[in-house]
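Below is a short report on one protein chain. Keep the sequence and the 3D view open while reading.

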Amino acid sequence: MGAHKSDIVNTKNHPWLGVRWPVKGSTGNKYIVTMFNSGFDCDCMAYRKCKHIKEVEAKFEDVE
Ligand SMILES: [Zn+2]
């Protein structure tokens with residue numbers, strides 16, 4: 001399971017590496033999105049970059 005490279009955040013050597021964001025899914029489940037050097041990873045079953053990761057990326061978009 002590989003991390004998904006982000007087009008919004010440059011995750012390489014980012015100060016928040018290893019930070020985990022809890023994201024609530026549409027069915028009420030909670031997923032954890034983690035930042036790695038290579039991008040974001042989510043513990044849900046999606047193979048592609050899921051909406052949980054996009055939700056975390058959107059937080060970065062707000063501040064930049
Ligand atoms: Zn997910």
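The report goes from the overall fold to the sheet, the core and a few single residues.

## Model and confidence

This is a predicted model. The protein chain averages a pLDDT of 92. A score of at least 70 is reached by 94% of the residues. Confidence varies by element: β2 has the highest mean, at 97, and α1 the lowest, at 89.

## Overall fold

The protein chain holds one helix and three strands. Read from the N terminus, the order is β-β-β-α. The radius of gyration is 11 Å, close to the 11 Å that the globule rule gives for 64 residues, so the protein chain is as compact as a globular protein of that length. The C-alpha trace spans about 30 × 25 × 20 Å along its principal axes.

Of the 64 residues in the protein chain, 20% are buried. Contacts also reach across the sequence. Among those between residues at least 6 apart, 46% join residues at least 24 apart.

## The sheet

The three strands form an open sheet in the order β1-β2-β3, and the pairing is antiparallel. β1 (20–24) and β3 stand at the edges. Each has a single partner strand, so one side of each is left without a neighbour in the sheet. On average, neighbouring strands are turned by 30° against each other, direction ignored. Strands of a sheet pair through backbone hydrogen bonds, either parallel or antiparallel.

## Strand pairs and hairpins

Start with β1 and β2. Five bridges hold this antiparallel pair. Trwo residue pairs can serve as landmarks: Trp21 stands opposite Val33 in β2, and Lys24 stands opposite Lys30 in β2. The two strands form a hairpin with five residues between them. Gly28 lies in that turn and has a positive phi of about 90°.

Next come β2 and β3. This antiparallel pair has four bridges. Thr34 has Asp41 in β3 as its bridge partner. The hairpin from β2 to β3 runs through two residues.

## The nonpolar core

Which residues make up the largest nonpolar core? There are eight: Val23, Val33, Met35, Phe40, Cys42, Cys50, Ile53 and Val56. Three elements give two or more residues each to this core: β2 (30–36), β3 (39–42) and α1 (51–63).

Phe40 belongs to this core. Neighbours within four places in sequence are left aside here. Beyond them, Phe40 is in contact with the core residues Val33, Met35, Ile53 and Val56. Its contacts also include Thr34, along with Ala3, His4 and Ser6.

## The segment before β1

Ala3 lies in the segment before β1. What does Ala3 contact beyond its neighbours within four places in sequence? The partners are Phe36, Ser38, Gly39, Phe40 and Asp41. The C-alpha atoms of Ala3 and Asp43 are separated by 10 Å, although the two residues are 40 apart along the chain. Is Ala3 buried, exposed or partly exposed? It has 18 C-beta neighbours inside 10 Å, so Ala3 counts as partly exposed.

Asn13 also lies in the segment before β1. This residue is exposed, because 7 other C-beta atoms lie within 10 Å and the cut-off for exposed is 12 or fewer. The phi of Asn13 is near 60°, a positive value in a residue other than glycine.

## The loop between β3 and α1

Met45 sits in the loop between β3 and α1. Met45 has 7 C-beta neighbours inside 10 Å, so it counts as exposed. Tyr31 is 14 residues away from Met45 in sequence. Their C-alpha atoms are 9.9 Å apart in space.

Note on methods:
Residues numbered from 1 in each chain as written. Predicted model: local features only at pLDDT ≥ 70, side-chain atom pairs only at ≥ 80, totals over all residues. Core = buried A, V, L, I, M, F, W, Y, C linked by C-beta atoms within 7 Å. Contact = placed C-beta atoms within 7 Å. Pairing = 2+ DSSP bridges. Axes fitted to C-alpha atoms, helices over the stretch in contact; angles between N-to-C directions. Rg over C-alpha atoms; globule rule 2.2 N^0.38 Å. pLDDT = per-residue confidence, 0-100.
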